[in-house]
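Student: I'm new to this one. Can we go through it together, with you showing me how each label is earned?

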Amino acid sequence: MRIGFFGKGGAGKTTTAAGFIRYLMTKTSYVLAIDADVNIHLKDALQINNFAGQQYDLGEKASEITSYLMGKRTDLAGRPLISSTPPSLNSNFIRVAKEDPFIVSSGLHTNGLSLLTVGTYQQEDVGASCYHSKLGVLAMVFHHLLDGEQDYVVADTNAGTDNVATSLAFVYDMNVFVVEPTEKSIKVYQDFIRLSEKLNGKTFVIANKVDGDLDRQFVEKFVDKEKLLGLIPYSKHLKEFEQGNRGALSSFAMQQYDVFDTVLEVWKKQIRNWEAYLATLQTVHKKNSLEWYDAYYGTSLSDNLDPNFKYQNVLAKDVSTVKELVRN
Ligand SMILES: Nc1ncnc2c1ncn2[C@@H]1O[C@H](COP(=O)(O)OP(=O)(O)O)[C@@H](O)[C@H]1O
Ligand SMILES: [Mg+2]
């Protein structure tokens with residue numbers, strides 16, 4: 001299961017994603033966290049001091065990651081693997097497990113949590129034309145990630161509408177917009193659901209920094225009741241924490257937890273349809289290839305890809321078999 005936190009800068013995405021990750025760590029044995037925000041802050045917001053591992057940005061290792069995921073596939077016949085290329089039965093895949101070779105080497109680790117970081121990037125890196133962009137690498141990772149319903153993947157993302165045309169737009173089973181009770185903040189959510197109608201069913205809202213009834217009424221005016229997962233109060237504990245009172249963070253966490261119970265409950269209902277996921281990926285890949293890459297590479301990138309590939313074929317195998325598959 002994958003969840004992405006979205007919203008206008010400053011609304012509280014990172015604070016909320018970090019709180020949710022810590023909450024999940026009390027509920028489950030392993031969480032995979034991904035920092036995909038323009039400004040990388042998730043690690044700090046998590047307030048975990050004993051991370052082990054070598055931190056590097058996925059974006060810096062684009063070519064290594066690409067060739068790892070490529071595995072032993074032959075269907076590309078020399079054509080490049082780009083961010084939207086659907087996998088093949090001969091691809092390497094990634095499991096949500098701390099022993100997974102990709103996760104071992106790419107992330108920071110602590111008991112019950114691994115953290116992957118995409119890296120800082122410029123807004124102009126974002127877009128369909130730029131497959132080597134850092135977010136392109138992230139999209140590629142998601143398309144090779146075999147997460148099941150017992151796996152928890154949480155991403156702190158960039159603002160809402162940047163990726164609607166790319167294959168990163170649909171990777172999450174649930175999109176959560178963190179909005180402040182302001183017009184500008186709510187507009188980012190409104191733009192997103194207007195531009196990506198197909199994602200409306202799995203897109204929800206948390207109102208953050210809600211200070212009293214007027215704020216609540218303001219949010220309720222713009223966000224449908226069934227979309228609003230809950231309200232997190234404007235908390236003086238956070239400022240106390242930022243002023244050096246370490247204990248204040250747990251008081252704030254208590255204020256978030258009621259909402260997180262609802263988030264988890266709704267998230268668990270968003271069952272992924274892998275066939276639909278692959279079909280969408282194929283459609284986006286075809287479209288992007290026709291619009292950009294075929295001309296650039298002088299070949300068709302979307303034709304004659306592995307016709308036998310179905311996610312179900314690789315998902316059915318247990319973790320050890322998939323490790324075998326990864327190794328071979
Ligand atoms: N519920 C809240 N109450 C008070 N301050 C908050 C709350 N949520 C976030 N903040 C503060 O707002 C600022 C921006 O939060 P951040 O999570 O970094 O936003 P984003 O990731 O969306 O840019 C931070 O200083 C954070 O401490
Ligand atoms: Mg942030």
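Tutor: Sure. Keep in mind that this is a predicted model. Let's start with the magnesium ion (ligand 2), which is coordinated by Thr14 through OG1 and by Asp37 through OD.

Student: What makes Thr14 and Asp37 count as coordinating the magnesium ion?

Tutor: Their distances to the ion are 2.1 to 2.2 Å. The cut-off for a donor is 2.8 Å from the metal, so both qualify. Water is not among the atoms, so the site may look incomplete.

Student: Where in the chain do threonine 14 and aspartate 37 sit?

Tutor: In distant parts, 23 residues apart. Threonine 14 belongs to helix H1 (residues 13-25), while aspartate 37 is in the loop between strand S2 (31-35) and helix H2 (42-46). Both threonine 14 and aspartate 37 are buried.

Student: On to the rings. Why is the pair of phenylalanine 6 and phenylalanine 177 called stacked?

Tutor: Two checks. Their centres are 5.5 Å apart, and a pair needs centres within 6.5 Å, so they pair. The planes are 20 degrees apart, and under 30 degrees counts as stacked, so the label fits. The structure holds 23 aromatic pairs. This pair links strand S1 (residues 2-6), home of phenylalanine 6, with strand S6 (residues 174-179), home of phenylalanine 177, and the two are 171 residues apart.

Student: How do you know that phenylalanine 6 is buried?

Tutor: Its relative accessible area is 7%, and buried means under 20%, so phenylalanine 6 passes. Phenylalanine 177 is at 0%, so it counts as buried too.

Student: Which residues form one aromatic cluster?

Tutor: Phe5, Phe20, Tyr23, Tyr152, Tyr257, Phe260 and Trp267.

Student: What charged end sits over the ring of tyrosine 56?

Tutor: That of lysine 61, 4.3 Å from the ring centre. The distance limit is 6 Å, so that value fits. Lysine 227 likewise lies over the face of phenylalanine 204, at 4.6 Å from the ring centre.

Student: And ligand 1: what makes its link to glutamate 242 a polar contact?

Tutor: A side-chain N or O atom of glutamate 242 is 2.7 Å from an oxygen atom of ligand 1. The limit is 3.5 Å, so it counts. A backbone N or O atom of serine 235 also lies 2.8 Å from a nitrogen atom of ligand 1.

Student: How much of ligand 1 does the protein bury?

Tutor: 80% of the 570 Å² that ligand 1 exposes when taken alone. In total, 18 residues surround ligand 1, with Gly10, Lys13, Thr14, Thr15 and Glu242 the closest.

Methods. Residues are numbered from 1 along each chain as its sequence is written. Chains are lettered from A and ligands numbered from 1 in the order in which they are written. This is a predicted model: local features need pLDDT of at least 70, side-chain atom pairs count only at pLDDT 80 or more; totals for chains, interfaces and linings use all residues. Side-chain values use heavy atoms; hydrogens and water are left out. Donors are N, O and S atoms within 2.8 Å of the metal (3.2 Å for Na, K and Ca); water is not among the atoms, so sites may look incomplete. Helices (H or I, at least four residues) and strands (E, at least two) are DSSP runs, numbered from the N terminus. Buried means under 20% relative accessible area, exposed over 50%, partly exposed in between (1.4 Å probe, protein chains only). Rings of Phe, Tyr and Trp (its six-membered ring) pair if their centres lie within 6.5 Å; planes under 30 degrees apart count as stacked, over 60 as edge-to-face and the rest as tilted. A charge sits over a ring if NZ of Lys or CZ of Arg is within 6 Å of the ring centre and within 35 degrees of the ring normal. A residue is near a molecule or strand if one of its heavy atoms lies within 4 Å of it. A polar contact is a pair of N or O atoms within 3.5 Å; within protein, one must be able to donate a hydrogen and the other to accept it, and residues adjacent in sequence count only if both atoms are side-chain atoms. Accessible areas come from the Shrake-Rupley method with a 1.4 Å probe; for residues, only the protein chains shown count as cover.
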